[in-house]
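User: I'm new to this one and would like a walk through it. Could you take my questions one at a time?

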Amino acid sequence: MARAHAPISSVRARAYRIPTDAPEADGTLEWDATTMVVVHVEAAGATGLGYTYADAAAAGIVRGTLAPILAGEDAFAIAGLWDAMRRQVRNMGEPGIAACAISAVDVALWDLKARLLDIPLHRLFGARRARVPIYGSGGFLSYDDDRLAAQLAGWVEREGCARVKMKIGADPARERARMRVARAAICDGAALMIDANGALEPRRALAIAAIADGEGVDWFEEPVTSDDPEGLALVRAQAPGAVEIAAGEYGYNPHAFRRLLETRAVDVLQIDATRALGITGFLAAAELAAAFAIPVSAHTAPALHGAPAAAAANLRHVEWFHDHARIEAMLLDGAPVPTGGAIAPNEAPGHGLTFKEKEAERYAT
Ligand SMILES: [Mg+2]
């Protein structure tokens with residue numbers, strides 16, 4: 001590596017477990033708390049912030065596996081550090097917890113670089129747009145109809161969202177009724193999206209897609225598991241034409257996105273910078289999707305996605321996920337406030353976010 005200009009002097013990682021505001025469930029999981037792993041990287045008197053929503057074990061990987069190879073290296077050489085971190089986790093397996101750990105560090109390195117250069121992160125990337133559309137996302141299966149309706153309507157009325165997304169399960173009759181509750185709540189003011197979190201088999205997914213089409217739904221996320229790209233492709237090929245198929249939230253590296261794209265599994269590729277090897281991985285996946293003429297959508301962590309989404313090719317929108325929007329408003333200074341159904345990347349140096357360590361202390365694990 002070339003002579004360091006900003007040698008990394010410190011890499012810290014801590015995990016915080018934040019209870020949800022109500023029990024939550026999707027088609028394949030139930031939860032009552034969200035764990036946020038927060039990383040700070042220091043060099044030349046500046047500090048970069050990164051984070052991932054992952055098991056607390058990711059903090060251990062940052063401290064024990066990644067920090068030692070980062071110490072003293074040039075903070076500006078992000079591509080080389082990204083390669084080195086990926087090599088370092090080879091024997092533990094990259095997809096999953098290791099990729100989340102690398103993601104948090106990579107985000108911190110980009111923030112650090114922009115702060116050292118004293119420019120907003122989206123200017124460092126070369127932004128394609130000044131504002132990024134968001135869609136409201138929640139509508140958990142654990143909600144009763146009133147809560148479902150109030151949450152979805154709130155995003156349309158308060159944040160100005162043009163689209164909202166709800167979770168669905170495997171019971172066609174129940175899901176038809178829930179979609180009707182949602183549709184009535186948002187009237188014709190917004191598009192309705194559904195997410196099965198991989199709960200269905202392809203034939204059942206097609207039956208639900210037909211129901212959804214009748215209820216005016218135009219987005220069906222992970223109808224079947226993303227581990228079965230051919231199953232997704234089958235649903236995509238046979239679903240009603242107005243219903244787009246989306247997946248990608250479990251893509252942890254470029255190979256996973258290539259598989260979804262090569263099998264023609266998705267109409268829209270979802271990418272999550274907190275899992276897919278950080279902002280470096282996010283932008284690489286967006287370029288890969290562009291080569292397949294497939295648009296992209298950022299998955300969860302809206303505060304973190306503002307700058308990279310402003311720069312990404314073929315961006316549709318950023319997910320305004322209930323849990324994360326709530327946590328980021330609580331624990332990050334500089335968290336975005338939507339207006340007119342969109343957010344703007346921060347104009348402060350870096351991504352403009354600062355973690356409120358004192359407020360977060362009571363959630364530390
Ligand atoms: Mg999803």
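**A first look around**

Analyst: Let's begin with a pair of acidic residues: Asp195 and Glu221 are both buried. Keep in mind that this is a predicted model.

User: Which ion do Asp195 and Glu221 help coordinate, and which other residue joins them?

Analyst: Asp195 gives an OD atom and Glu221 an OE atom, at 2.0 to 2.2 Å. The donors follow the spacing D-x25-E-x27-E along the sequence, so there is one more glutamate to name after Glu221. The ion is magnesium, and the other residue is Glu249.

User: How many residues apart in sequence are the parts that Asp195 and Glu221 tie together?

Analyst: Asp195 sits in strand 6 (residues 191–195), while Glu221 belongs to strand 7. Because the two donors lie in these separate strands, the pair links parts whose separation in sequence is 26 residues.

User: Where is Glu222, and what is odd about its backbone?

Analyst: Glu222 is in the loop that runs from strand 7 (217–221) to helix 8 (229–238). Most residues other than glycine have a negative phi. Glu222 is not a glycine, yet its phi is positive, at about 40 degrees.

User: Is Glu222 buried or exposed?

Analyst: Its relative accessibility is 1%. The cut-off for buried is under 20%, so Glu222 counts as buried.

User: What about Thr300: where does it lie, and is it buried or exposed?

Analyst: Thr300 is found in the loop between strand 10 (296–298) and helix 11 (302–311). Here too phi is positive in a residue other than glycine, near 55 degrees. With a relative accessible area of 5%, Thr300 is buried.

User: How is the chain divided, and how far apart are the C-alpha centres of the domains?

Analyst: The domain assignment gives domain 1 (8–119 + 358–363) and domain 2 (124–357). In the contact between them, 47 residues of domain 1 meet 48 residues of domain 2. Their C-alpha centres are 22 Å apart.

User: Where does the largest nonpolar core lie relative to the domains?

Analyst: This core has 122 residues, and Tyr51, Leu66, Phe220 and Leu269 have the most contacts inside it. Helix 3 (residues 97–117) contributes the most, with 13 residues. Since domain 1 (8–119 + 358–363) and domain 2 (124–357) both supply residues, the core lies between them.

User: How many residues are in the other core?

Analyst: This one lies apart from the largest core. Its members include Tyr135, Met193, Ala246 and Val268. The count is five residues.

User: What is the strand order of the three-stranded sheet, and how do its strands pair?

Analyst: Strand 1 (8–25) and strand 3 (46–53) are the edge strands, each pairing on one side only. Neighbouring strands are turned against each other by 20 degrees on average, direction ignored. The sheet is open, with the order 1-2-3 and antiparallel pairing.

User: How many bridges hold strand 1 to strand 2, and how many join strand 2 to strand 3?

Analyst: A hairpin of four residues joins strand 1 to strand 2. Across that pairing, Arg17 is opposite Thr35 and Arg14 is opposite Val38. On the other side of strand 2, Met36 is opposite Tyr53 in strand 3. The bridges are 13 for strands 1 and 2, and eight for strands 2 and 3.

User: Which residue has a positive phi in the hairpin of strand 2 and strand 3?

Analyst: That hairpin has two residues between the strands. A positive phi near 50 degrees turns up there, and the residue is Ala44.

User: Which helix lies across strand 1 and strand 2, and at what angle does it run to strand 1?

Analyst: One of the strands it crosses, strand 2, is mostly covered, with ten of its 14 residues buried. The helix covers residues 57–70. It is helix 1, running to strand 1 at about 160 degrees.

User: Why is strand 5 described as largely enclosed, and which residues point each way?

Analyst: Five of the five residues of strand 5 (residues 163–167) are buried, so the rest of the structure largely encloses it. Strand 4 (residues 132–138) runs parallel to strand 5, joined by three bridges, and Gly136 stands opposite Val164. Pointing one way are Arg163, Lys165 and Lys167; pointing the other way are Val164 and Met166.

Notes
Residues are numbered from 1 along each chain as its sequence is written. This is a predicted model: local features need pLDDT of at least 70, side-chain atom pairs count only at pLDDT 80 or more; totals for chains, interfaces and linings use all residues. Side-chain values use heavy atoms; hydrogens and water are left out. Two strands pair if DSSP finds at least two bridges between them. Axes are lines fitted to C-alpha atoms, for helices over the stretch in contact, and angles run from 0 to 180 degrees between N-to-C directions. Contact means heavy atoms within 4.5 Å. A nonpolar core is a set of buried Ala, Val, Leu, Ile, Met, Phe, Trp, Tyr and Cys residues joined through side-chain atoms within 4.5 Å. Buried means under 20% relative accessible area, exposed over 50%, partly exposed in between (1.4 Å probe, protein chains only). Domain bounds come from an automatic or database domain assignment. Donors are N, O and S atoms within 2.8 Å of the metal (3.2 Å for Na, K and Ca); water is not among the atoms, so sites may look incomplete.
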